[in-house]
Amino acid sequence: MKTYVLSALLLAATTTLAHAESHAMELPAAMEVVAGDITLSGAFTRATLPNAPVAGGFLDIVNAGAVDDRLISAASAISNVTQIHTMEMDGDVMRMREMPDGLVIPAGETVHLKPGGYHVMFMDLTGPLIEGETIMVRLNFEVAGEVDVKLPVGATNAGAMGMKMHDAPAASE
Ligand SMILES: [Cu+2]
């Protein structure tokens, strides 16, 4: 709390700061969705700039079960192609890549889909994503089956990395 107040005084860009300070973003409260042993929470996406061809979807996936599950695919009306992506180093460059076999959600573990890491990739968008709106995404799990989740659309930098913000708060004016 103290940190928050201090930072709020220092920064005009309190929106970004709030993301760094708390998982409870100022987005409409992301609903928790339970399907069998799988629980989805903290889902969000980001507003797109005009004519942006792609957007990312982020959420936390908990597998409380005794067997591994796998996020096989995703689909949404906002994109003609939707893939599950990972980020990996290609030489000195971080690139994203489709995971053709999907993303394993190990038994008893939580997998975070977040900016800079695993994400749902919305490609060939059918329209812009507008901050404050909500999009629907259908996730298809090997064990838990199809699960629909709402992704509130945050700012273009929603969920920007907290660590970075903490390390260099002055950099964001
Ligand atoms: Cu991607």
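This passage walks through a predicted model of the protein, from its overall make-up to a handful of single residues.

Starting with the big picture, the chain folds into 3 helices and 11 strands. Read from the N terminus, the order of elements is α-α-β-β-β-β-β-β-β-β-β-β-β-α. Of the 173 residues in the protein, 29% come out as buried. Counting contacts with a separation of 6 or more, 68% are between residues 24 or more positions apart.

Confidence comes next. The pLDDT averages 82 over the protein, and 75% of the residues score at least 70. Residues 1-25, though, have a pLDDT below 50, and in the model this stretch makes 33 contacts beyond near neighbours in sequence. Residues 162-173 also stay under 50, with 16 contacts beyond four places in sequence. Where pLDDT is low, predicted coordinates are not something to read in detail. The contacts of residues 1-25 and of residues 162-173 are therefore best left without a detailed reading.

Now for the strands, beginning with E11, which covers residues 145-154. Strand E10 (residues 134-141) runs antiparallel to E11, and 8 bridges join the two. E10 and E11 make up a hairpin, with 3 residues between them. One of the bridge pairs puts Phe-141 together with Gly-145 in E11. E11 also pairs with strand E2 (residues 38-46), this time in parallel, through 2 bridges. Here Thr-45 sits opposite Val-153 of E11.

Pro-152 belongs to E11 as well. It is classed as buried because 20 C-beta neighbours lie inside 10 Å, and 20 is where the buried class begins. Pro-152 and Ala-43 are 109 residues apart in sequence, yet their C-alpha atoms are 7.1 Å apart in space.

Over in E2, Thr-39 is worth a look. Thr-39 has 17 other C-beta atoms within 10 Å, so it counts as partly exposed: the buried class needs 20 or more, and the exposed class stops at 12. Setting aside neighbours within four places in sequence, the contacts of Thr-39 are Glu-32, Val-34, Val-62 and Ala-64. Val-62, one of those contacts, is 23 residues from Thr-39 in sequence and 5.1 Å from it in space, C-alpha to C-alpha.

Strand E9 (residues 119-125) offers another meeting point. E3 and E9 pair in the antiparallel sense over 4 bridges, with Gly-56 opposite Met-121 in E9. E5 is likewise antiparallel to E9, with 6 bridges joining them. In that pairing, Thr-82 stands opposite Phe-122 of E9.

Within E5 (residues 79-90) lies Ile-84. Ile-84 is buried because 23 other C-beta atoms fall within 10 Å, and 20 or more is enough for that class. Not counting residues up to four places away in sequence, Ile-84 touches Leu-71, Ser-73, Ala-74, Glu-98, Met-99, Gly-102, Leu-103 and Val-120. Met-99 is on that list; it is 15 residues from Ile-84 in sequence, with a C-alpha to C-alpha distance of 5.8 Å.

Two residues deserve a mention for their backbone angles. Most residues other than glycine have a negative phi. Asn-51 is not a glycine, but its phi is positive, at about 65°. Asn-51 is in the loop between E2 and strand E3 (54-63). With 7 other C-beta atoms within 10 Å, Asn-51 is exposed, since 12 or fewer is what that class requires. Asp-124 also has a positive phi, near 55°, in a residue other than glycine. Asp-124, however, is found in strand E9. It too falls in the exposed class, because 11 other C-beta atoms lie within 10 Å and the limit is 12.

Definitions and conventions: Residues numbered from 1 in each chain as written. Predicted model: local features only at pLDDT ≥ 70, side-chain atom pairs only at ≥ 80, totals over all residues. Pairing = 2+ DSSP bridges. Contact = placed C-beta atoms within 7 Å. pLDDT = per-residue confidence, 0-100.
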